[in-house]
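Q: I would like a close look at one part of this protein, namely the place where its domains meet. Could you take me through it slowly, in connected prose?

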Amino acid sequence: MNDKTDKLFERIASFADAALIFSETNRFYFTGFAASDGALLVYKKGALFFTDSRYTEAACRKLGETFVRDSKTLFADLRALFDAEGIRTVALENDRLTLAEYETVKKELPAVQTDISDRLCEAVTALRMVKSPEEIEKTVAAQRIAERAFDHILPFIRPGVTEKEIALELEYFMLRNGADGLSFETIAVSGVNSSLPHGVPGDKKIESGDFITMDYGALKDGYHSDMTRTVALGHVSEKQKQIYQTVLAAQQASLAFLKDGVSGFDADKQARDVIEKAGFGAYFGHGTGHGTGVEIHEQPRLSPQSKRTLHTGNIVTVEPGIYLPGEFGVRIEDMALITEEGCVNLTACPKELIIL
Ligand code: ZN
Ligand code: ZN
């Protein structure tokens, strides 16, 4: 069907004759076609996309008629095809399929062996981690929309405006300026609430002396952007300044370390060491970053639990933070593209402390 499905078959050929992909995100990743219903078969001769009548015409336009089948006859078509092609083993997504779907496959395709080991998921993950030039372009386009929203929001932040109003303004601006959707629910937290890494924007009004942390992103052509900035209103204390500079130094240490071949564990450690040395290690609870793509959180992760190596073409966030309970918090997040020599920062937004 395309380069991505060909590469998937290469990766599964040693343990399966075909892969059957049901999950919406993986179907979208491999076909570029978004549909709430469908199944994708990848086998030696190519790939077939099954979907229902709501999507058939659009799918034919996008993928070409020869690749599209009606999902009403999914299992009958598969039985016939498996017989004709000698397909005996079919790999399934063990991290996505529901038990009910698995039972249906077993019942409808009694003649084939199903492979529910990690191998298909690992093959898919390996492909999804390395972004094509088009995927990079879409991610950057999404990020540019988010950056314009940042420029737009700065003059909007003033005493009396609520967290919810800031979040809504960011979201409206992105949707009004080319975003197809939001990457995730916008985080806009201020003052004592900024110590909650994933706080929900509320009716709290912004006051002078507050830190305001905004974590948000745009969705463009199926790809997610993700950025965080923390800005201050009116004035900052010495402690706020110190924490901000520590988080920024931690983020820069990790960014400077990123390149093809380094581990997700070590990339996290660069940021974590800076924060620990400054005495705030206990207040940095989450991992330093994550991949982005057709989902907002993907592999590889930058974290103490990460067992993966970063490679050219990975896009990862770098987002250390310090959160002092009952006081305030700071997080700064950029997206970076891993290259042979280092990384390209995909986030073109200032990071020095902004006091509005
Ligand atoms: Zn984020
Ligand atoms: Zn993130």
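A: What follows is a walk through the contact between the domains, with a short look at salt bridges elsewhere. The model is a predicted one, and in it the protein is divided into domain 1, covering 3-129, and domain 2, covering 133-345. The C-alpha centres of these two domains lie 35 Å apart, and the contact between them takes 9 residues from domain 1 and 13 residues from domain 2.

The size of an interface is often given as the accessible area lost when the parts come together. For domain 1 and domain 2 that buried area is about 880 Å², with 49% of it on carbon and sulfur atoms. On the side of domain 1, Phe28, Arg128 and Met129 supply 61% of the area buried against domain 2, which is more than any other three residues supply.

Turning to the pairs that cross this interface, the count between domain 1 and domain 2 is 4 salt bridges, and 5 residue pairs are found in polar contact across it. The helices α2 (24-31) and α6 (119-129) each supply at least two residues of the side of domain 1 that touches domain 2, and α6 gives the most to that side, with 4 residues. By kind, the residues on this side of domain 1 divide into 3 nonpolar, 2 polar and 4 charged.

Two further details concern charged residues. Arg308 forms a salt bridge with Glu122, in which the closest N and O atoms are 2.8 Å apart. Asp95, Arg96, Arg128, Lys131, Glu295 and Glu298 are linked in a network of salt bridges, and Arg128 is also one of the three residues named above for the area that domain 1 buries.

To set this in a wider frame, a search of the whole structure finds 24 salt bridges. One of them joins the side chains of Lys164 and Asp203, at 3.6 Å from N to O, and this pair links distant parts of the chain, since Lys164 is in helix α8 (residues 163-176) while Asp203 is in the loop between β8 (187-190) and β9, 39 residues apart. Lys164 counts as partly exposed at 40% relative accessibility, whereas Asp203, with a relative accessible area of 59%, is exposed.

A salt bridge within one helix offers another example: the side chains of Asp273 and Lys269 meet at 2.9 Å, N to O. Because Asp273 and Lys269 are 4 residues apart in helix α10 (residues 264-277), about one helical turn separates them.

Key:
Residues are numbered from 1 along each chain as its sequence is written. Chains are lettered from A and ligands numbered from 1 in the order in which they are written. This is a predicted model: local features need pLDDT of at least 70, side-chain atom pairs count only at pLDDT 80 or more; totals for chains, interfaces and linings use all residues. Side-chain values use heavy atoms; hydrogens and water are left out. Domain bounds come from an automatic or database domain assignment. Contact means heavy atoms within 4.5 Å. Buried area is the accessible area (1.4 Å probe) that two parts lose on being put together, summed over both. A polar contact is a pair of N or O atoms within 3.5 Å; within protein, one must be able to donate a hydrogen and the other to accept it, and residues adjacent in sequence count only if both atoms are side-chain atoms. Ala, Val, Leu, Ile, Met, Phe, Trp, Tyr, Cys and Pro count as nonpolar, Asp, Glu, Lys and Arg as charged, and the others, Gly among them, as polar. Buried means under 20% relative accessible area, exposed over 50%, partly exposed in between (1.4 Å probe, protein chains only).
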